[in-house]
Amino acid sequence: MADYKAPLRDIRFVLNEVFEADKLWQSLPGLDGAIDAETADAMLEEAGKITSQTIAPLNRSGDEEGAKWDNGVVTTPAGFKQAYSTYAEGGWVGLGGNPEFGGLGMPKTLGVQIEEMVYGANNSFALYPALTAGCCLALDAHGSEELKQAYLPNLYAGTWAGTMCLTEPHCGTDLGIIRTKAVPQADGSYAVTGTKIFITGGEHDLTENIIHLVLAKLPDAPAGPKGISLFLVPKFLVNADGSLGERNPVSCGSIEHKMGIKASATCVMNFDGAEGYLIGEVNKGLNAMFTMMNYERLSIGIQGIGCSEASYQSAVAYARDRIQSRAPTGAQQPEKAADPIIVHPDVRRMLLTIKAMTEGSRAFSTYVGSQLDISKYADDAEIKKKGEDLVALLTPVAKAFFTDVGLENCVHGQQVFGGHGYVREWGQEQLVRDVRIAQIYEGTNGIQALDLMGRKTVANNGAFVNVFIQEVRDFISENSDQALAEFVEPLAKAIDNLEELTGVVIDRSKTNANEIGAASVEYLHVFGYTAYAYMWARMAKAANARLNDDSDGFYQAKIGTGRFFVKRLLPRIHSLSESVRAGSESLYELDAAQF
């Protein structure tokens, strides 16, 4: 298997040439002066080194060894602790953190590139800092000044780690029925009791303390999601001087034996009257938790991109080297017994599908990252509102589409290898196993689609979708010259289709509530392919401007890959759209006994 190399050239193309991130950062008051193109480039270079040279080499060995549980103690695979220390010392855990408490305060447009590299290098490793970053987001946004001062500096430094404790054995999506209780104590703390499952990084040996964010209910809380509060529960209590005190009654009952991400400890966590501290307001825990969800769901989506990139790198290397049969048009390398398999149309179809969808995903993640930056740092109310609306709309698309595409891409990469893709030493079967979870956690992709179709589209009569459609139409009108016609014209048809399809579902849902769920997954995929058509038009525009300075064919390859997307992948929207238009009736012809 080819060694993972951070795709820095492609990342710089998207960040600097397509989205001109430096101009965006300078235009946002909260970022101006905090980051510039030169600093960002140096950070990308360093991230490329640590992911390729330190983290990636632990990927297969970590999968083989896995996390180990012994009487409540969890040990990560050999090398993980040292690599995590190196990663933390570089400041990467606190990359996007609040500078007031030791974070680096970097924009999300840069952060998504770093996240992709870490996921591409080693999925299991990536999850430990990802969960810490999410914990920090919620704490920084909703915690008291006292809690932030006591916990954020060590979390950003990577000295302590963080978790999210939501799911319980009897409830996942329906958090309103959680049973974990938080009983108020005389000193203002709470005694937290309950069991949480599927807790990523709930216990491990990478840091000296682990800070759990736990959803729980007070004894007199109202029923349902309106009665949920959020609590900070440390593994070790923290003394007034910042030193670690006694062990809190928090324990890991077991770890899951999983299909993939085996070096990531997925824990059953037991809270037995553990001391916890309220974050935000009583009964407003979901509001606090969802502050981090846009960032976390984008991060998990990026897992799909990282796996796709790793799979592609290996598949291309193999396809160039493996010889089997002759090209349909005749021998391409007659001096060899056969031609490399990269000459065969089906192999090229698979490779180009991975390439086109991975590069489209990378551009879209950067685009969503830019909207997160705008919604956080812009001072113009109208611009900020547009960013917030687009973040709300696009987050479920990013999480679900990136990860659905990620699995498809990794399966294609495995298929390029034939039988060798099914055996362990080539690495492709691990990528298929690892990426599969990304469609499930942080809200299953079906739930993401329901969120997009229900809350983000039907509930506001398409207002958020119209914001996106208008931006795309503005781009189309500004780029109607013949040079981009092959990208802009299909994009215009795709955006018209999206608008019409949105109206169909909104109209039908007024008389049949089943229409929302029936349309949701296919609608999300139509949205995803349409959004990628927008990304490819923007990438083609940037590449076209540099064709006279294209000594290695990089920009021509971008345009060629974009053509493949438009001609071979974008047409998928037609069958998906027909499925949406077919309505919900056929889903309900059978009663439960007939399944």
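**Exercise 1. Which residues of strand 7 lie on one side, which on the other, and are they buried or exposed?**

Step 1. Ser-229, Phe-231 and Val-233 sit on one side and Leu-230, Leu-232 and Pro-234 on the other, and all of them are buried, so both faces of strand 7 are covered. Buried stands for under 20% relative accessible area, exposed for over 50%, and partly exposed for what falls in between (1.4 Å probe, protein chains only).

Step 2. The pattern fits a general rule: in a regular strand, side chains alternate between the two faces of the sheet.

Step 3. Counting gives 6 of 6 buried residues for strand 7 (residues 229–234). Strands (E, at least two residues) and helices (H or I, at least four) are DSSP runs numbered from the N terminus.

A word on the model before going on: it is predicted, local features need pLDDT of at least 70, side-chain atom pairs count only at pLDDT 80 or more, and totals for chains, interfaces and linings use all residues. Residues are numbered from 1 along each chain as its sequence is written, and side-chain values use heavy atoms, with hydrogens and water left out.

**Exercise 2. Find the pairing partners of strand 7.**

Step 1. Strand 6 (residues 209–216) pairs with strand 7 in the antiparallel sense over 6 bridges. Pairing requires that DSSP finds at least two bridges between the two strands. Here His-212 has Val-233 of strand 7 as its bridge partner.

Step 2. Strand 11 (residues 266–279) also pairs with strand 7 in the antiparallel sense, over 3 bridges. Leu-230 is matched there with Ile-279 of strand 11.

**Exercise 3. Extend the pairing map through strand 3 and strand 5.**

Step 1. Strand 3 and strand 6 run parallel and are joined by 6 bridges. Look for Met-164, which stands opposite Leu-213 in strand 6.

Step 2. Strand 3 (residues 160–165) has 6 of its 6 residues buried. Trp-160, Gly-162 and Met-164 take one side, while Ala-161, Thr-163 and Cys-165 take the other.

Step 3. Strand 5 and strand 11 pair in the antiparallel sense over 9 bridges, and Thr-195 has Asn-270 of strand 11 as its bridge partner.

Step 4. Strand 5 (residues 190–200) is largely enclosed by the rest of the structure, because 8 of its 11 residues are buried.

Step 5. Strand 4 (residues 181–184) runs antiparallel to strand 5, with 4 bridges between them; Ala-182 stands opposite Val-192 in strand 5. Their hairpin has 5 residues between the strands, and Gly-188 takes a positive phi near 95° in this hairpin.

**Exercise 4. At what angle do helix 1 and helix 16 cross, and which residues make the contact?**

Step 1. Two packed helices are described by the angle and the distance between their axes.

Step 2. The axes of helix 1 (residues 8–18) and helix 16 (residues 514–544) come within 10 Å and cross at roughly 85°. Helix 1 is therefore roughly perpendicular to helix 16. Each axis is a line fitted to C-alpha atoms over the stretch in contact, and angles run from 0 to 180 degrees between N-to-C directions. Under 35 degrees counts as roughly parallel, over 145 as roughly antiparallel, 65 to 115 as roughly perpendicular and the rest as oblique.

Step 3. Helix 1 supplies Phe-13, Val-14, Glu-17 and Val-18, and helix 16 supplies Arg-538, Met-539, Ala-542 and Ala-543. Contact means heavy atoms within 4.5 Å.

**Exercise 5. Which residues have the most contacts inside the largest nonpolar core?**

Step 1. A nonpolar core is a set of buried Ala, Val, Leu, Ile, Met, Phe, Trp, Tyr and Cys residues joined through side-chain atoms within 4.5 Å.

Step 2. The largest one has 153 residues, and Phe-364, Phe-468, Phe-527 and Phe-565 have the most contacts inside it. Helix 16 gives the most to this core, with 18 residues.

Step 3. Leaving aside neighbours within four places in sequence, the contacts of Phe-565 include Tyr-529, Trp-536 and Leu-570.

Step 4. A second, separate core of 32 residues includes Leu-131, Trp-160, Leu-230 and Leu-232.

**Exercise 6. Is Asn-71 buried or exposed, and what is its phi?**

Step 1. Asn-71 is found in the loop between strand 1 (68–70) and strand 2 (73–75). It counts as exposed because its relative accessibility is 68%.

Step 2. Its phi is near 55°, a positive value in a residue other than glycine. Most residues other than glycine have a negative phi.
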